[in-house]
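Visitor: I am new to reading protein models, and I would like to learn how the words used for them are earned. Could you show me the structure and then take my questions one at a time?

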There are 2 protein chains.
Amino acid sequence: MAEEHHPDHAPLELENFLPYRLSILSNAVSQAIADDYQRRFDLSMTEWRVMAVLARFDGLSAREVAERTLMDKVAVSRALSKLVETGWVTRATHDGDKRRSVLGLSEAGWAIHEVVAPMAREHERNLLSRLDEEERTWLVRILDKLQAIEPK
Amino acid sequence: MAEEHHPDHAPLELENFLPYRLSILSNAVSQAIADDYQRRFDLSMTEWRVMAVLARFDGLSAREVAERTLMDKVAVSRALSKLVETGWVTRATHDGDKRRSVLGLSEAGWAIHEVVAPMAREHERNLLSRLDEEERTWLVRILDKLQAIEPK
DNA sequence: GCGTTATAGTTACATATGAAACCATTTGCA
DNA sequence: TGCAAATGGTTTCATATGTAACTATAACGC
């Protein structure tokens, strides 16, 4: 497959430029999902991500949530203050370290999670249904390799 | 390959959730590139995208730029007003339709382009160098299929 | 031609986001 | 001990972004 040999300074074809394509695709996908739970629960993407990790790892501190979600601590702090206020997340102070908070989903939070998680999975399933089995396998493999960058 | 059969309401594993992975990867990649030209030319990603399409398609109107970049017209308007001010983009009024603008890169704009385009390509090359030829082929194919969504 | 509707682009406002400063607490160590 | 440095978390400020309203021009229907 002969690669067109464009000089480096030729205009970029955005539609074939990988970083651009990734960005467009990723935004479209994430936005479609977020619109869904945003509309139904007034839940932002960052808030949902916080809830998702707390569903898996109960009792994390805010910093740990930030690590797991790759969000910065300010974003986490803000998300938490809203989530605690709406009563979907509980926040206590760590015994023996008064700086640290101990976070978890409340009953109400779990209820939300029970609705949103399947919704998110459904979107993912939908997306993946465009691919056949072989393509799905390659995709995971490719993402694994590319992702070796980001733990910047 | 036996798929774990988690119930739909089980906690999401973000690190295996495709939309999340895409988002992390895409942000990391785009940000790395943007940091580069941002630092050197104080050029935002949206501004660079505008310049990139004008390099390819001279004489577009603002709306056409918006279509090509998939950005909304407000973002384009803002980017343009900065680019025109810094003198990298020229703006004239369309003969016969005074609403429309006629946009293009200036000499100075081309000079910037000559630096940034190779820089962007280099990042892309770097990213793709993590994949072998077969994986690259699959990636393009997979993106093509997944991208069938987004022309929302 | 002339009023209505559509289009190109900008402005205004409200919200989101990130960086840096900040407060409280804890840790490390002389 | 006790004080400097580090850590968890919040607040502040400056910037970015999206939505809706607005201005100017053009197109359409009669």
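Guide: Let us begin with the interface: the area buried between chain A and chain B is about 6200 Å², and carbon and sulfur atoms give 64% of it. Buried area here is the accessible area, taken with a 1.4 Å probe, that two parts lose on being put together, summed over both. In chain A, the residues that lose the most area to chain B are L12(A), R21(A) and R121(A), together 11% of what that side buries. The model is a predicted one, in which local features need pLDDT of at least 70 and side-chain atom pairs count only at pLDDT 80 or more, while totals for chains, interfaces and linings use all residues. Residues are numbered from 1 along each chain as its sequence is written, chains are lettered from A and ligands numbered from 1 in the order in which they are written, and side-chain values use heavy atoms, with hydrogens and water left out.

Visitor: How many residues does the contact take from chain A and from chain B?

Guide: The contact takes 62 residues from chain A and 62 residues from chain B, where contact means heavy atoms within 4.5 Å.

Visitor: What makes R21(A) and D144(B) a salt bridge?

Guide: The term asks for a side-chain nitrogen of Lys or Arg within 4 Å of a carboxyl oxygen of Asp or Glu. In R21(A) and D144(B) the closest N and O atoms are 2.8 Å apart, and the pair therefore counts as a salt bridge. R56(B) and E15(A) form another, with their closest N and O atoms 2.8 Å apart; this pair crosses between chains, from helix 2 of chain B to the segment before helix 1 (18-41) of chain A. The rule finds 8 salt bridges across the interface of chain A and chain B, and the structure holds 24 over all chains.

Visitor: Why are helix 1 of chain B and helix 5 of chain B called roughly antiparallel?

Guide: Helices are DSSP runs of H or I with at least four residues, numbered from the N terminus, and their axes are lines fitted to C-alpha atoms over the stretch in contact, with angles from 0 to 180 degrees between N-to-C directions. Angles under 35 degrees count as roughly parallel, over 145 as roughly antiparallel, 65 to 115 as roughly perpendicular and the rest as oblique. The axes of helix 1 (residues 18-41) of chain B and helix 5 (residues 107-128) of chain B come within 10 Å and cross at roughly 155°, and the two helices are therefore roughly antiparallel to each other. Among the residues that meet there are V29(B) and I33(B) in helix 1 of chain B, and V116(B) and M119(B) in helix 5 of chain B.

Visitor: What makes helix 2 of chain B and helix 4 of chain B roughly perpendicular?

Guide: Helix 2 (residues 45-56) of chain B and helix 4 (residues 73-86) of chain B pack at an angle of about 75°, with their axes 9 Å apart, and are therefore roughly perpendicular to each other. The contact is made by T46(B), E47(B), V50(B) and M51(B) of helix 2 of chain B with A79(B), L80(B), K82(B) and L83(B) of helix 4 of chain B.

Visitor: Which residues of helix 1 of chain A meet helix 6 of chain B?

Guide: L18(A), R21(A), L22(A) and L25(A) do so, and on the other side are L139(B), V140(B), L143(B), D144(B) and L146(B). These helices pack at an angle of about 35°, with their axes 11 Å apart.
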